[in-house]
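Biologist: Before I plan around this protein, I would like to go through the model with you, one question at a time.

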Amino acid sequence: MKEVKDKSKNENPFVISLLPLKNVVILPKGIIPIIVGREQSLKATEYALQENKTIFITTQKHPDIDYPKREDVFDTGVRAKILQVMKMPNNSLKILVEGICRSRILSSEDNGQFLTVCCQDLETTSLEKSVENEAIWRQIQVLYTNYAKSNPNIPHDLSLVTQTADDMDHLTDTIAIHLTNLSMNERQQILETADLNERMLKVASLLKKELEIQKTEQKIKSHIQTQVEKNQKEYYLTEQMKAIQKELGRDDQLTEIAHLKEKVKNLKLPKEALEKVEKEINRLEQMPPLSAEAVVSRNYIDWVISIPWVNKSKDNISLEEAEDILEKSHAKLSKAKERIIEFLAAKKYSGNTERATIICLSGPPGVGKTSLAQAIAKSLGREFVRISLGGVRDEAEIRGHRRTYIGALPGKIIQAMRKTNIINPVILLDEIDKISRDMHGDPSSALLEVLDPEQNKGFSDHFLDIEYDLSNVIFITTANHMEGIAYPLLDRMEVIHLSGYTEKDKIEIVNRFLIPKKLKEYGLKSQQFNLPEAVLSTIISEYTKEAGVRQIERIIAKLMRKVIQQILKNSKLKKFTITHEIIKEWLGHPKYRKTSLDTQKNNIGLATGLAWTEFGGDVLEIESSIVPGKGGVTLTGQLGEVMQESAQAALSYIRSRAIEFGLKNSFNSSKDIHIHIPEGATPKDGPSAGISMCLALISALTKIPVKNAIAMTGEITLRGRVLAVGGLKEKILAAKQYKMETVILPRDNYDDVQEFIKEIDDINLVFVETMDEVIKHALTKNPLEKSENSKKNKSLKKIIPASAIKENNINLG
């Protein structure tokens with residue numbers, strides 16, 4: 001140890017080695033063991049052992065620094081004496097040191113191995129014994145005595161009797177040493193306080209704080225003791241921890257709540273939502289963190305802050321790109337594509353969503369309704385989410401459950417918004433016609449608010465219980481049948497009907513979309529799989545029966561798997577062509593055969609009607625038979641009520657004009673009439689077969705054959721008027737497939753046919769207004785012409801020539 005003369009001070013500074021400690025503060029008169037392991041600290045200790053065993057000990061400001069410099073340690077420390085040294089197995093040292101006095105670093109020097117410091121001892125000020133420090137000391141005595149009684153690890157025999165101020169100085173530091181719960185910063189503050197009165201006040205304050213904590217602990221223990229069962233140690237410790245956290249507020253819940261408040265502040269919530277969430281967070285602060293109420297409250301807060309409130313995606317609207325996307329993703333569907341482009345054009349021009357329109361894509365399964373909605377989202381550059389409503393029967397699926405129920409969640413709409421994380425996604429409500437209702441409510445009524453642009457600005461979910469703005473969302477719905485949708489809901493939507501694909505359309509879709517898609521999926525090359533159009537046409541007509549292309553897609557996939565098997569068996573096979581023989585071998589016999597129609601000759605009592613089904617159009621052979629009887633009417637073929645009523649209307653029409661048809665007025669009293677429509681296992685209904693049944697009856701009663709290769713559709717009235725029907729495109733295409741040459745249609749449907757007239761060729765369309773016109777075009781001979789001629793002759797007999805009047809001098813009056 002070297003002494004350096006300092007003219008400005010009476011004390012002599014010391015030049016000694018520095019030993020930095022982590023998280024440990026040594027006070028004067030304190031004796032503690034220290035494990036020395038760092039190379040820098042070992043060198044400093046060895047130097048001190050050579051220099052009278054005196055060393056300067058201070059604390060690092062940051063414990064994660066392994067090689068501290070002068071600026072990394074506190075200036076105030078202790079000059080200490082090394083009392084004992086013991087070598088440890090891992091080349092470290094265990095030393096026992098005693099703090100001699102407070103000391104402060106004046107300067108330092110780094111010799112490359114450790115730090116040496118020039119330090120100066122700090123004298124204790126206010127050492128004069130006075131009334132003030134005597135009063136403080138007495139308070140310390142009382143506090144320490146009470147503290148020692150409640151803490152068994154504190155020595156009780158510590159003599160607190162003082163004769164001089166030096167005794168107070170020594171004992172104050174000793175008491176501070178025995179305060180085991182002090183933090184590093186609190187001990188450092190005591191070490192840096194050289195003024196005795198100020199230091200005693202700090203120690204007294206810390207003693208008081210520890211006593212208050214001990215009292216609180218005792219209160220907590222007594223409170224917990226009444227709640228827990230005997231010998232349940234784990235439960236006891238858990239409850240003690242919860243109680244301590246509640247009393248002291250030092251738990252993780254405070255940090256979590258602060259994080260929640262900060263997140264809510266940055267969300268820019270609406271006023272109502274902000275007040276609701278802040279109120280819920282304040283309630284959460286008062287709850288035990290593991291209570292059931294806290295879990296429910298936290299779940300609610302998480303939902304509110306996780307759904308989007310202002311985050312909005314930017315639309316990327318290019319009509320050319322949109323048309324290109326729609327054209328590449330879907331064949332045909334021109335009307336639907338046209339409406340979508342209209343919507344995008346209006347939005348681009350105005351800059352706002354066309355709020356008044358919600359599109360409903362209606363059509364049979366497999367025609368591309370869902371994928372068309374995805375194409376809309378893609379063309380807008382928006383997030384897309386699909387909500388399946390098939391089988392939904394609880395209103396809570398739409399509006400959510402109230403928080404009073406266990407496991408309550410928001411409805412599907414809010415869940416979809418959370419999934420997309422933007423306020424303007426495209427949401428597809430799939431199968432909206434499959435919604436059912438029961439005792440839990442009517443989901444379709446809940447959708448009224450969602451799909452009404454005037455109401456969905458303030459959509460209220462039962463779980464959130466706050467208004468949420470859905471006006472920026474583009475809603476698209478899909479349905480197979482309009483009949484299954486409640487009228488108030490249907491009134492809010494613009495329906496775009498997607499017709500089933502024709503055979504020509506299906507061939508185009510298979511070649512443009514399905515085959516390339518499946519080739520990519522199975523890793524085949526286009527030259528390895530060859531499917532001629534004639535074979536594809538056979539597959540479509542004889543192995544599938546659908547309006548869409550799902551069955552065809554499955555068959556194409558099966559054929560490709562079969563081709564892969566052949567390629568694996570024969571590695572030299574470069575190209576495989578599918579033939580009719582292979583189709584029959586791999587797919588079996590045809591599953592769907594066309595109805596065998598006798599179109600080569602004229603038939604009596606047999607007319608061909610047209611029908612619409614989910615799978616497209618179809619033809620119906622309507623047979624009628626007249627047998628002797630008592631005026632009975634039999635209808636067979638599993639006909640629905642509407643179809644039976646059409647037959648009755650047709651019969652009444654014939655009876656009202658029996659004389660004109662050359663029949664007796666009482667023809668039905670001695671004959672039984674039987675109308676049958678083949679394929680009796682298939683239910684049939686609707687009014688469009690009215691004129692077909694009427695014509696078949698007229699043919700059977702008058703014995704006049706019906707012309708071959710002619711089909712018809714239309715509703716009949718008692719006065720013989722022919723009314724409009726639906727599904728004309730599918731019906732006409734079905735007639736074409738069955739090689740019909742002429743189709744009779746209601747004149748009221750003329751404008752409807754003009755929409756797809758370009759797709760119809762090689763078939764003659766006849767539009768009629770009355771049953772007389774149907775008879776004229778459909779029967780080989782018109783029975784009404786004879787009646788008209790007879791009326792004409794009778795009227796001519798009643799006409800008197802003018803010459804006869806003159807010759808006979810007839811007086812007319």
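Modeller: Let me fix a term to begin with: buried means under 20% relative accessible area, exposed over 50%, and partly exposed in between, with a 1.4 Å probe and protein chains only. This is a predicted model, in which local features need pLDDT of at least 70 and side-chain atom pairs count only at pLDDT 80 or more, while totals for chains, interfaces and linings use all residues. Residues are numbered from 1 along each chain as its sequence is written, and side-chain values use heavy atoms, with hydrogens and water left out.

Biologist: Which residues of α9 are buried?

Modeller: Helices (H or I, at least four residues) and strands (E, at least two) are DSSP runs, numbered from the N terminus. Helix α9 covers residues 292–306 and reaches 21 Å from its first C-alpha to its last, close to the 21 Å expected, where the expected span is 1.5 Å times one less than the number of residues. The buried residues of this helix are A294, S297, Y300, I301, W303, V304 and I305.

Biologist: How many disulfides does the model contain?

Modeller: A disulfide is a pair of cysteine sulfur atoms within 2.5 Å. For C119, which is buried at 0% relative accessibility, the closest cysteine sulfur is that of C118, and at 6.8 Å it is too far for a bond. By the 2.5 Å rule, the count comes to zero.

Biologist: In what order do the five strands of the open sheet lie?

Modeller: Two strands pair if DSSP finds at least two bridges between them, and the pairing in this sheet is parallel. The edge strands, each pairing on one side only, are β9 (384–388) and β14 (494–497). Neighbouring strands are turned by 25 degrees against each other on average, direction ignored, with axes being lines fitted to C-alpha atoms, for helices over the stretch in contact, and angles running from 0 to 180 degrees between N-to-C directions. The order is β9-β10-β13-β8-β14.

Biologist: Which residue in β14 is the bridge partner of S362?

Modeller: Strand β8, residues 359–362, runs parallel to β14 and is joined to that strand by four bridges. In β14, the partner of S362 is H497.

Biologist: At about what angle does α12 run to β10?

Modeller: Helix α12, residues 369–380, lies across β8, β9, β10 (426–430) and β13 (474–479). Its angle to β10 is about 175 degrees.

Biologist: Which residue takes a positive phi in the hairpin of β5 and β6?

Modeller: Strand β5 (residues 76–87) pairs with β6 in the antiparallel sense over eleven bridges, and A80 stands opposite G99 in β6. The hairpin has five residues between the strands, and the residue with a positive phi, near 65 degrees, is N91.

Biologist: And which residue has a positive phi in the turn between β6 and β7?

Modeller: Seven bridges join β6 to strand β7 (residues 115–121), and the two run antiparallel, with D121 in β7 as the bridge partner of S103. Four residues lie between these strands, and the one with a positive phi, of about 95 degrees, is G112.

Biologist: Is N665 buried or exposed?

Modeller: N665 lies in the loop between α21 (641–656) and β20 (671–676). Leaving aside its neighbours within four places in sequence, N665 is in contact (heavy atoms within 4.5 Å) with A658 and I659. At 56% relative accessibility, N665 counts as exposed.
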